[in-house]
Amino acid sequence: MTSYKSDFLNVLQSRGLIHQVSDAEALDAACCKGPVTAYVGYDATATSLHIGNLISVTMLYWFQQTGHRPITLMGGGTSMVGDPSFRDDQRQLLTVEKIAENIEGIKKIFGKMLTYGDGPTDALMVNNADWLLKLNYVEFLRDVGRHFSVNRMLSFDSVKLRLDRDQSLSFLEFNYMIMQGYDFVELNRRYGTLLQMGGSDQWGNIINGVDLSHRMGGPQLYALTTPLLTKSSGEKMGKSASGAVWLNGDLFSPYDFWQYFRNTEDADVGRFLKVFTRLPLDEIARLASLGGSEINEAKKILATEATAVVHGRDAANAAAETARKTFEEGALAESLPTVTMTDDVRDLFFGPDGLSVLIAAQKAGFAKSTGEARRLIDGRGLKVNDETVERVLLMLTPADLNPEGFIKLSMGKKRHILLKPA
């Protein structure tokens, strides 16, 4: 294991957050000298970041905590092209209005984890549309594009895999690498940025910026990537039974977020505590060493601490208490996630035949299709008001509402939704 002198690289290494570093010795020395500026770029492809992005925001958090200045770069310009890295096809092109809407949604998470302001280590939020949308195309090709080797760009895994599968790579997407490389050079000019960080799939794009600075006579820049985080089963993190694990509470509730980490596999508890919580390493080591039924207590702490990072301590404690009441007391906690019926579903519910439990399971996010809902019921995995559903033809009616006006739907022992008519 590499021995670092700077607090920043030591923290990242101790928490398993380093995959690759360019010129690690020089970067380590720069971090020892004084405040360094680093950035991570976020394209506005959705209205929220997801759990995969949480790792890079965590890198920025530790960067600031160890005395440096982080930049969150919003991809208002690059989002108009779309990153082709490791994708099977081209991203859907977004309108300027949709990109702006997505950026507003994404901004919500950063303020919970980073301190913004005008101080030497206060975070900055920057949008690459400020310079990319003002570029003269011919001048850009001559001044920047000439430094990129097509042969080398074709050798990157993110591109090579696409071409090896005979899947089309548009000229528009091919320009993404040039734009991201230029972002790094521009951020260095404007803010003295020396380091770009990101996931391991971004290594080629980041190195392009390092090389571009050198070819354009700029200073030495650095690249640092974090490993692709997978579960011990080999499954990639980021998906739940109801879809993506979003960081914004309106898309994925704090309770669901808590449950996602509560369901962590035993072998992943120690690793996830290092990555997703702020707990001291000695406490993490103690929790990770627990065995038998005690590991469940470590999972609850992981869930609460990770939820506190993203949604705040109050929301985390409320989610933990909701889970305790639901699982340990068998109570119907009013703070369980609630799904309101849409007009068409409500019409069925109050209609002469009632609402099919197959539709209700999909509405609750427990199944993506009728076939999947059938399999859930056949496996005795669905409950209505704590009673196992035995028949796929079961219809829900107003008679199934509890005194509070809800129907409690459960998938297994750990996922619960309150379905209400209005």
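Let's begin with the cysteines of this predicted model: the structure contains zero disulfides. A disulfide is a covalent bond between the sulfur atoms of two cysteines. Here, Cys31 takes part in no such bond, and the nearest cysteine sulfur, that of Cys32, is 7.2 Å away. A pair counts as a disulfide when the sulfur atoms are within 2.5 Å, so at 7.2 Å the sulfurs of Cys31 and Cys32 do not qualify. Seen from the other side, Cys32 is in no disulfide either, with the sulfur of Cys31 as its nearest cysteine sulfur. The surroundings of the two residues are worth a look as well: Cys31 is buried, at a relative accessible area of 8%, whereas Cys32 is partly exposed, at 43%.

From sulfur we can turn to the aromatic rings. How many aromatic pairs does a search of the whole structure find? The count is ten. One of them joins Tyr61 and Trp62 in an edge-to-face arrangement, with 5.0 Å from centre to centre and 75° between the planes. Tyr61 is buried, with 16% relative accessibility, and Trp62 is buried too, with 11%. Another edge-to-face pair is made by Phe349 and Phe350, whose centres are 5.0 Å apart and whose planes meet at 80°. In this pair, Phe349 is buried at 0% relative accessibility, while Phe350 is partly exposed at 48%.

Elsewhere, ring pairs build up a cluster: Phe257, Tyr260, Phe261, Phe272 and Phe276 are linked in this way. If you are following along in the 3D view, it may help to display these side chains together.

Now go back to Tyr61, the buried partner of Trp62. What sits over the ring of Tyr61? It is the charged end of Arg278, placed 3.8 Å from the centre of the ring. Tyr61 therefore has an aromatic pairing with Trp62 as well as a charge over its ring, by the cut-off of 6 Å from the ring centre and 35 degrees from the ring normal.

Our last stop is Ser56, which lies in helix 3, a helix that covers residues 51-65. Is Ser56 buried or exposed? With a relative accessible area of 8%, Ser56 is buried, because buried means under 20%. The side chain of Ser56 makes a polar contact of 2.9 Å with the side chain of Tyr42. Setting aside neighbours within four places in sequence, Ser56 is in contact with Val40 as well as Tyr42.

How values were computed: Residues are numbered from 1 along each chain as its sequence is written. This is a predicted model: local features need pLDDT of at least 70, side-chain atom pairs count only at pLDDT 80 or more; totals for chains, interfaces and linings use all residues. Side-chain values use heavy atoms; hydrogens and water are left out. Buried means under 20% relative accessible area, exposed over 50%, partly exposed in between (1.4 Å probe, protein chains only). Rings of Phe, Tyr and Trp (its six-membered ring) pair if their centres lie within 6.5 Å; planes under 30 degrees apart count as stacked, over 60 as edge-to-face and the rest as tilted. Helices (H or I, at least four residues) and strands (E, at least two) are DSSP runs, numbered from the N terminus. A polar contact is a pair of N or O atoms within 3.5 Å; within protein, one must be able to donate a hydrogen and the other to accept it, and residues adjacent in sequence count only if both atoms are side-chain atoms. Contact means heavy atoms within 4.5 Å.
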